[in-house]
Number of protein chains: 2
Amino acid sequence: MAHVKHMKWWGWGEEGVHFEFSNKPAFAPFVKRALGVDLRPRERDTIDFSTVSVPAPRLETDLLDTLGGIVGDEHTSTDDELRVVHWAGKSVTELLLTRAGDFARVPDVVVYPADEDEVARVVALAVERDLVLIPFGGGTSISRSLQPSPDEERTIVSLDLGRLDKVLAIDETSGLATIQAGVLGPDMEDQLNARGWTLGHFPDSFTHSTLGGWAATRSSGMQSDKYGDIADIVRGMRVVRPGGTVVLRPLPSTSTGPSLREMFIGSEGRLGVITELDVQVHRIAEHREVIAYMFPSWPKALTAMHDIARSDVSTTFARVSDAHETAFSLSTQKAATSLKKKVAAKGQDLLWEVMRRRGWDTDEMCISYVCFEGTKAEVERRKKTVASIVKQQGAIVLGSGPGALYDQKKFDTPYLRDFLLEQNTIGDVSETAAPWSKLTTVHKAVYDAAQRAFDEQGKTGWIMSHMSHSYHSGACLYFTFGYEIGQDPHAEYAVIKSAVQQAFVDAGGTLSHHHGVGMEHSAWMEQDVSPEGVRLMRSLFEVADPGANLNPGKIVS
Amino acid sequence: MAHVKHMKWWGWGEEGVHFEFSNKPAFAPFVKRALGVDLRPRERDTIDFSTVSVPAPRLETDLLDTLGGIVGDEHTSTDDELRVVHWAGKSVTELLLTRAGDFARVPDVVVYPADEDEVARVVALAVERDLVLIPFGGGTSISRSLQPSPDEERTIVSLDLGRLDKVLAIDETSGLATIQAGVLGPDMEDQLNARGWTLGHFPDSFTHSTLGGWAATRSSGMQSDKYGDIADIVRGMRVVRPGGTVVLRPLPSTSTGPSLREMFIGSEGRLGVITELDVQVHRIAEHREVIAYMFPSWPKALTAMHDIARSDVSTTFARVSDAHETAFSLSTQKAATSLKKKVAAKGQDLLWEVMRRRGWDTDEMCISYVCFEGTKAEVERRKKTVASIVKQQGAIVLGSGPGALYDQKKFDTPYLRDFLLEQNTIGDVSETAAPWSKLTTVHKAVYDAAQRAFDEQGKTGWIMSHMSHSYHSGACLYFTFGYEIGQDPHAEYAVIKSAVQQAFVDAGGTLSHHHGVGMEHSAWMEQDVSPEGVRLMRSLFEVADPGANLNPGKIVS
């Protein structure tokens with residue numbers, strides 16, 4: 001299992017990688033203004049694992065031997081740090097608990113099967129011995145889809161799919177690849193890219209999450225406008241269940257009753273273990289450009305995004321930050337050190353001057369990024385059409401410079417949360433999707449709800465948002481909020497996070513566009529899919545897993 | 001219920017509408033050549049209902065009164081002809097049984113609820129009194145999704161949704177309409193068109209099928225390349241279940257566990273009664289053109305269709321007939337009666353001459369239709385790109401004349417089956433979908449299997465096919481086959497239909513692309529979604545409907 005990469009036990013990503021603000025002169029003043037927090041230089045680069053104490057594994061020796069007999073002793077571990085790495089995802093709640101060493105219940109053993117046969121034997125054993133089995137991909141969940149129930153009495157096995165990491169085949173005629181579930185995003189793209197293909201699925205968690213995890217949590221990547229949500233991308237799959245393996249062959253479309261494929265997608269381990277997927281792949285685009293635009297206001301920006309979605313133009317993504325997120329984004333610009341950057345910074349000052357002369361309120365302006373892929377000629381044609389659409393809403397075309405910057409920074413955002421926690425500050429995200437007609441209402445409802453929650457807690461809070469992932473009938477709104485931690489971190493967080501979630505469903509949005517349900521969002525399921533919908537889903541889980549051995553307690557409580 | 005339109009009891013569509021061959025000089029010779037059948041002029045225009053005898057309703061009087069108390073006595077009927085209209089769909093098996101008056105079991109009563117509340121009360125009654133409830137839309141199923149189990153002992157209620165026929169609301173900003181499930185295709189389009197919108201969903205059954213039926217059977221329309229399959233179109237729904245109504249709000253996308261929406265789509269009445277749907281609607285296109293192309297061969301035609309699907313061009317549909325279907329299509333051309341038509345016929349003769357001079361084998365040529373919608377400029381641009389793609393495969397552009405003809409005739413095809421039955425001949429259809437890489441294999445496998453089955457039965461059979469419904473990773477192949485009826489119509493049909501279905505799944509296709517499962521295709525479910533997949537689906541039906549009151553026996557036996 002040596003080659004299975006894991007994130008640091010205490011936070012996001014790799015040891016040694018941090019969000020750094022010392023080279024971003026506008027950031028500390030921004031945080032002071034937005035959250036009332038005085039940033040301090042980072043005091044430590046890591047957290048010593050010896051600062052926490054981990055509950056001893058509850059595991060009969062013969063069970064450990066039996067598991068070792070299936071996957072090999074060297075792929076079976078009761079190591080404390082490995083068990084903590086596997087105990088939960090990276091939600092704020094889980095990060096707080098982890099840093100505090102507040103582990104109610106941690107997996108008792110971690111196993112790394114080599115193939116589907118070994119997975120099947122572990123699944124069968126879980127049912128036979130009444131164990132709890134929690135499939136583990138990259139551990140990036142922020143919906144508490146991995147954390148065991150605190151009062152679980154049974155032995156908990158974390159089933160790490162990390163050794164199932166191969167692209168097995170590419171059907172080049174059909175644009176379909178057969179890929180093992182445990183492969184991490186970059187490893188998968190490397191294997192596909194080597195043959196000229198890409199999946200095109202890039203969630204923020206990309207660097208540390210897995211294909212199987214994306215399917216199991218109903219993920220969507222930032223390029224979904226072109227490549228689709230994971231539910232569109234997955235065309236076939238193999239799912240190990242206690243009674244046998246469900247094999248769904250790769251099919252472009254089918255009329256065979258209720259969709260089993262769409263039952264397993266989003267099932268978060270409750271219906272079985274996904275071991276292999278047939279997915280749509282695409283030739284790497286000949287040419288790619290990300291162009292930035294600046295809009296004078298959020299309503300105009302949203303109108304333009306909708307007009308782009310309705311137009312004849314295919315974009316790879318089209319996103320726009322609201323005024324708050326735009327301000328945040330500008331605050332994270334690095335200081336100009338080289339001459340070239342100094343010239344660019346000077347150019348930016350001039351741009352501001354242009355905007356002010358046009359009568360813009362610079363506190364209202366919204367930055368947008370649109371990505372184009374195709375032949376050079378196609379990209380040029382689409383850029384032209386989009387330029388004319390955005391100009392109708394008074395936007396200024398900023399060009400490809402900021403776009404390239406966005407493309408480089410896109411996977412760094414999750415590190416910010418750990419940085420802020422070090423500063424005794426929460427930074428968290430929550431997203432929804434709603435019909436186009438309701439986006440403005442949802443946006444305002446969430447701002448109002450967050451502000452009320454901040455006020456109740458006597459906090460200087462901050463909230464910001466962007467629109468991304470366009471569909472025919474609506475889009476995703478992605479919110480980030482922050483505040484300084486007070487006396488009772490968990491209680492405060494519950495109030496604020498709940499206010500945001502409740503505003504989503506009250507205003508006509510869904511509880512999550514692509515983060516899943518887990519234990520974090522299950523309280524809103526009845527409001528989202530109706531009480532009878534939850535009853536049916538619960539019945540499905542009960543009949544599919546009568547012993548409640550498969551990641552119990554997730555999605556519906 | 002007077003305003004609920006029904007098809008004729010003995011066949012497809014409206015009384016008085018027939019397939020006519022007397023004005024198609026090439027048709028009789030074609031049928032003689034293809035099937036060895038000598039066509040006779042039509043002997044009768046209808047079938048007298050008194051020629052069949054219908055089993056008496058098995059229904060306690062108080063139950064009839066109770067149903068009348070819910071939906072009104074005037075919307076409750078035990079009339080023999082109405083019960084026969086509701087007894088089954090229009091599959092070959094059902095048509096043969098119906099014409100022979102061979103009704104093992106017919107619904108005992110037909111009810112026409114006015115609204116969701118009445119539906120809910122009927123559903124509750126069905127569970128309370130242990131009735132069998134079969135939801136009925138337009139009755140166009142050709143997968144035996146409506147026919148009751150022949151040995152059903154309980155009282156059978158046909159729940160006709162025909163009075164739920166209104167477009168309730170259009171969210172013009174989001175392109176979403178809320179529509180009642182029982183509305184027939186043309187009535188729905190009339191209501192949408194009046195406000196400038198269209199659903200864009202046009203299955204061959206369009207004139208006689210309903211929105212709720214399309215959702216319940218996982219339908220796809222001929223324009224799915226642009227408008228999507230029904231699973232893409234439906235964004236929200238209301239489904240009456242015994243325990244309450246599942247309400248799925250209209251959402252562009254959501255990450256809330258296994259998809260309930262995708263469970264109800266294709267559920268054929270087994271999970272509840274769909275009463276209302278939120279669906280994507282589109283502005284009626286400014287301009288629309290259907291262009292015809294002639295290809296020198298099937299492989300070249302398929303390559304071109306794939307190239308179109310992979311290109312930057314959005315088409316509304318792109319379909320191509322194989323050589324056999326092209327020959328059939330040409331045989332149904334009307335005799336030239338007007339001068340204009342005579343000139344056109346002359347032009348066609350010249351075209352044939354051109355093809356021969358190019359060295360084409362006219363027995364191999366394949367006709368294709370591609371539909372373009374958008375602004376005039378967009379349509380022109382796309383036509384140009386498609387013309388260059390098809391020319392790379394040696395195709396000749398025939399222009400919009402034959403395309404317009406295709407557009408007019410598209411809903412007439414189902415009448416052909418009844419015409420052929422009158423001639424003691426079977427004409428039937430079966431469709432699949434497969435990855436692009438397998439289309440040629442599937443096509444050949446089906447031809448070979450059908451030929452073997454014809455040979456076994458000592459028949460001169462005919463089979464033909466077209467490719468339609470393109471996706472990123474594959475497409476649909478739609479087959480039509482025919483033969484003269486012999487001694488044992490049901491046994492012969494079973495052999496031939498089974499050969500086609502078995503070839504689908506053996507060659508990597510699905511048992512149905514858009515006709516659903518019903519009782520007709522349930523035998524192939526284990527081969528399509530694997531035995532464990534069927535077990536899980538069966539468990540879902542059992543737990544969702546423990547009394548087996550909701551259209552039992554369909555999809556999985």
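Biologist: Which word fits Asp528(A) and Arg249(B), buried or exposed, and what does that word stand for?

Modeller: Asp528(A) is buried, and Arg249(B) is buried too; the word stands for under 20% relative accessible area, while exposed is over 50% and partly exposed is in between, with a 1.4 Å probe and protein chains only. This is a predicted model, in which local features need pLDDT of at least 70 and side-chain atom pairs count only at pLDDT 80 or more, whereas totals for chains, interfaces and linings use all residues, and side-chain values rest on heavy atoms, without hydrogens or water.

Biologist: How do you know that Asp528(A) forms a salt bridge with Arg249(B)?

Modeller: The closest N and O atoms of Asp528(A) and Arg249(B) are 3.1 Å apart, and the definition asks for a side-chain nitrogen of Lys or Arg within 4 Å of a carboxyl oxygen of Asp or Glu, so the pair qualifies. Asp528(A) is in helix 19 (residues 525–529) of chain A and Arg249(B) is in the loop between strand 9 (244–248) and helix 10 (260–264) of chain B, which means that the pair joins two chains; helices (H or I, at least four residues) and strands (E, at least two) are DSSP runs numbered from the N terminus. Elsewhere, shared salt-bridge partners tie Arg44(A), Arg99(A), Asp418(A) and Glu422(A) into one network, and by the salt-bridge rule the count over all chains comes to 74. Residue numbers start from 1 along each chain as its sequence is written, and chains are lettered from A, with ligands numbered from 1, in the order in which they are written.

Biologist: What makes Glu152(A) and Arg154(A) a salt bridge, and why are both residues called buried?

Modeller: Their side chains meet at 2.8 Å, N to O, and that value satisfies the salt-bridge rule. Glu152(A) has a relative accessible area of 12%, which is why it is called buried, and Arg154(A), at 19%, counts as buried as well.

Biologist: How do you know that Glu172(A) and Arg195(A) pair, and where do they lie?

Modeller: The closest N and O atoms of Glu172(A) and Arg195(A) are 3.5 Å apart, and the two form a salt bridge. This pair links distant parts of the chain, 23 residues apart: Glu172(A) is in the loop between strand 5 (167–171) and strand 6 (176–180) of chain A, and Arg195(A) is in the loop between helix 6 (185–193) and strand 7 (197–198) of chain A. Glu172(A) is partly exposed because its relative accessibility is 32%, and Arg195(A), with 43%, is also partly exposed.

Biologist: Why is Lys334(A) called exposed, and what makes it part of a positive surface patch?

Modeller: Lys334(A) has 57% relative accessibility and therefore counts as exposed. Lys334(A), Lys340(A), Lys341(A) and Lys409(A) form the patch; a patch of this kind needs residues with over 30% relative accessible area and no salt bridge, with like charges joined within 9 Å. Lys334(A) sits in the loop between helix 12 (323–331) and helix 13 (339–357) of chain A.

Biologist: What makes the phi of Asp130(B) worth a remark, and how accessible is this residue?

Modeller: Most residues other than glycine have a negative phi. The phi of Asp130(B), however, is near 55°, a positive value in a residue other than glycine. Asp130(B) lies in the loop between helix 5 (116–128) and strand 3 (132–136) of chain B, and it counts as partly exposed because its relative accessibility is 37%. Arg144(B), which is not a glycine, also has a positive phi, of about 55°.

Notes
Patches are made of residues with over 30% relative accessible area and no salt bridge: like charges are joined within 9 Å, nonpolar side chains (Val, Leu, Ile, Met, Phe, Trp, Tyr) within 5 Å. Accessible areas come from the Shrake-Rupley method with a 1.4 Å probe; for residues, only the protein chains shown count as cover. Lys and Arg count as positive and Asp and Glu as negative; His and the chain ends are not counted. The place of a charge is taken as NZ of Lys, CZ of Arg, CG of Asp or CD of Glu.
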